[in-house]
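Open the model in your viewer and keep the selection box handy. We will go from stop to stop, and at each one you select something and look at what is there.

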Amino acid sequence: VTMDGTGAHGFGVVDDACVVVDADRIAWLGRRVDAPPLGGVKRVDARGACVMPGLVDCHTHLVFAGERSDEFARRARGETYAQIMAAGGGIRSTMNKVRAASLDALVDDTMTRAHALSRRGVTTVEIKSGYGLDVENELKMLRAARIVGERGPVDVVPTLLAAHAVPPEYDDDDHHDGGGASAWVARIVSDPLPEVAREKLATSCDVFIEQNAFSVDDARTLLRAAQSHGLHARVHAEQLTHQGGAQLAAEVGALSAGHLEFVDDDDIAALAKANVACEVLALAQVFLRGLRAIPGRKLVDAGCVVAGGTDGNPGTAMSSDLPLAAGLAVTQCGLTAEEALRGMTVNAARAVGLDDRGVLAAGKRADLVVLSGASPVDLVYRWSEPLARVVVRAGHVVWEA
């Protein structure tokens with residue numbers, strides 16, 4: 001299943017197929033009877049099952065310390081995410097744990113999560129910072145993400161999300177009426193953004209546009225500065241309320257906009273016109289007991305590129321199960337099974353700015369997953385079952401059930 005856009009549902013199915021890998025690239029793909037001579041090469045027998053591109057998780061917060069199960073219980077008793085944040089929980093709770101954690105501890109914890117993703121067929125994962133909320137700890141998080149990408153079973157696409165919440169140090173009397181957020185954005189622009197660009201610690205810069213977080217004006221300042229340093233723009237937009245983040249994503253030509261529960265028709269049209277990848281994060285929607293579903297069907301019908309991710313994080317989506325996230329995008333957000341599968345392969349690769357994966361074709365990265373059955377639809381149908389039998393990342397087998 002090449003996902004190359006041809007044939008039924010764009011799956012590009014090749015029956016009785018063979019994929020030939022040389023180093024980290026696909027050298028040849030086609031029917032087995034037409035394969036070139038293959039003497040002396042390592043063989044992986046798919047046993048008649050589906051072989052498809054390695055999965056791409058395009059939106060995660062995988063580097064963190066601790067957990068927030070108490071907040072899950074509080075939401076079940078009726079508290080909202082916004083109320084918990086206002087009471088000192090939420091992002092700042094994890095911030096305290098990340099600041100106290102060593103680099104090695106963050107790497108170890110994140111490596112465990114990376115292996116959990118890999119065992120479900122993921123070969124590339126986007127990881128955001130955003131739980132340090134000061135210069136030192138934001139850089140620490142991005143360095144941890146880099147080490148995981150170098151040592152672990154998945155490729156890591158790192159994103160600077162220092163504008164995830166306003167740090168407590170910016171809550172003092174000098175920072176009323178949004179001034180604290182603006183002052184923190186100014187600090188991000190002066191440092192750590194230049195350091196991140198110099199060290200190539202991130203390929204994108206993200207911002208959470210929301211009440212009690214960051215305004216459109218502050219986000220515009222930050223994202224334009226990031227783009228001047230060569231980083232892509234990304235936006236957390238319209239998750240809890242409608243604040244204008246989707247329109248800003250279109251305005252600045254963002255690579256992606258995530259969540260989107262509260263987008264309206266004008267937002268959707270703007271996202272489609274600007275070719276912004278729309279990240280449907282159904283796990284977070286369900287985890288937060290969202291009263292409004294992400295309008296995945298409307299996004300697709302308007303011509304948007306729709307991708308899917310876990311949003312894996314300790315507060316609002318404590319899961320490394322990307323196929324489950326895709327299955328929920330079908331039942332909760334109106335995607336078809338085929339659209340959800342594109343959303344965690346070719347469209348997810350697009351959402352992280354990579355065009356060398358998410359599709360099986362000669363010259364592409366040799367990132368492949370061999371499933372335990374013959375249909376790729378099993379990934380969105382058989383919930384929570386780990387269906388990856390063999391995972392190949394950059395030409396190397398990194399997981400074999």
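Start by selecting threonine 2. This is a predicted model, and in it threonine 2 has a relative accessibility of 4%. Buried means under 20%, so threonine 2 counts as buried. Threonine 2 lies in the segment before β1. What is threonine 2 in contact with, leaving aside its neighbours within four places in sequence? Show Phe11, Gly12, Val14, Leu29, Pro53, Gly358, Val359 and Leu360, and you have the answer.

**Two backbone turns to look at**

Now select methionine 3, also in the segment before β1 (17–22). With a relative accessibility of 4%, methionine 3 is counted as buried. Its phi is positive, about 60°, although methionine 3 is not a glycine. Most residues other than glycine have a negative phi. Histidine 9 is another one to click on: its phi is positive at about 60°, and it is not a glycine either. Histidine 9 is found in the segment before β1.

**Helix α4**

Select residues 103–118, which form helix α4. How far apart are the end C-alpha atoms of this helix? Try your viewer's distance tool: they are 22 Å apart. At 1.5 Å a residue, the 16 residues should span 22 Å, so the two values agree.

Next, colour the buried residues of α4: Leu106, Val107, Thr110, Met111, Arg113, Ala114, Ala116, Leu117 and Ser118. What covers them? The cover includes the strands β4 (55–57), β5 (122–128), β13 (388–393) and β14 (396–400). It also includes the helices α3 (91–100) and α5 (135–151).

While you are here, click on histidine 115, which lies in α4. Is histidine 115 buried or partly exposed? It is partly exposed, with a relative accessible area of 35%. Then add valine 398 to the selection: it is 283 residues away from histidine 115 along the chain, yet their C-alpha atoms are separated by 9.4 Å.

**Where α4 meets α5**

Show α4 and α5 together. Their axes come within 9 Å and cross at roughly 50°. That angle makes α4 oblique to α5. The crossing in which α4 passes α5 is right-handed. To see the contact, select Leu103, Leu106, Val107, Thr110, Met111 and Ala114 on the α4 side. On the α5 side, select Lys140, Arg143, Ala144, Ile147, Val148 and Arg151.

Stay with α5 and pick alanine 145, which has its place in this helix. Alanine 145 is buried, with a relative accessible area of 1%. Apart from its neighbours within four places in sequence, alanine 145 is in contact with Val63, Ile127 and Val156. Add alanine 202 as well: from alanine 145 it is 57 residues away in sequence and 9.4 Å away in space, C-alpha to C-alpha.

**Into the core**

Which residues touch the most other members of the largest nonpolar core? Select Met52, Leu160, Phe214 and Leu271 to see them, out of 109 residues in that core. The largest share of this core, eight residues, comes from α5. A second, separate core has ten residues, including Cys58, Val157, Ala307 and Ala351.

Now zoom in on leucine 160. Not counting residues up to four places away in sequence, leucine 160 touches Ser129, Glu138, Leu142, Ile188, Leu193, Val196, Ala202, Ser204, Cys205 and Asp206. You may recognise Ala202 in that list from the stop at alanine 145.

**Helices α8 and α9**

For the last stop, select residues 216–228 (α8) and residues 245–252 (α9). The two helices pack at an angle of about 25°, with their axes 11 Å apart. They are therefore roughly parallel to each other. α8 passes α9 in a right-handed crossing. In the contact, α8 contributes Val216, Ala219, Arg220, Leu223, Arg224 and Gln227, while α9 contributes Gly245, Leu248, Glu251 and Val252.

How many of the eight residues of α9 are buried? Six are, so this helix is mostly covered. Colour Gly245, Ala246, Leu248, Ala249, Ala250 and Val252 to pick them out. They pack against α8, β8 (232–237), β9 (256–259) and α10 (265–274). Finally, click on glycine 253, which follows α9 and has a positive phi near 70°.

Note on methods
Residues are numbered from 1 along each chain as its sequence is written. This is a predicted model: local features need pLDDT of at least 70, side-chain atom pairs count only at pLDDT 80 or more; totals for chains, interfaces and linings use all residues. Side-chain values use heavy atoms; hydrogens and water are left out. Helices (H or I, at least four residues) and strands (E, at least two) are DSSP runs, numbered from the N terminus. The expected span of a helix is 1.5 Å times one less than its number of residues. Buried means under 20% relative accessible area, exposed over 50%, partly exposed in between (1.4 Å probe, protein chains only). Contact means heavy atoms within 4.5 Å. A nonpolar core is a set of buried Ala, Val, Leu, Ile, Met, Phe, Trp, Tyr and Cys residues joined through side-chain atoms within 4.5 Å. Axes are lines fitted to C-alpha atoms, for helices over the stretch in contact, and angles run from 0 to 180 degrees between N-to-C directions. Angles under 35 degrees count as roughly parallel, over 145 as roughly antiparallel, 65 to 115 as roughly perpendicular and the rest as oblique. A crossing is left-handed if the near helix is turned anticlockwise from the far one by less than a right angle, and right-handed if clockwise.
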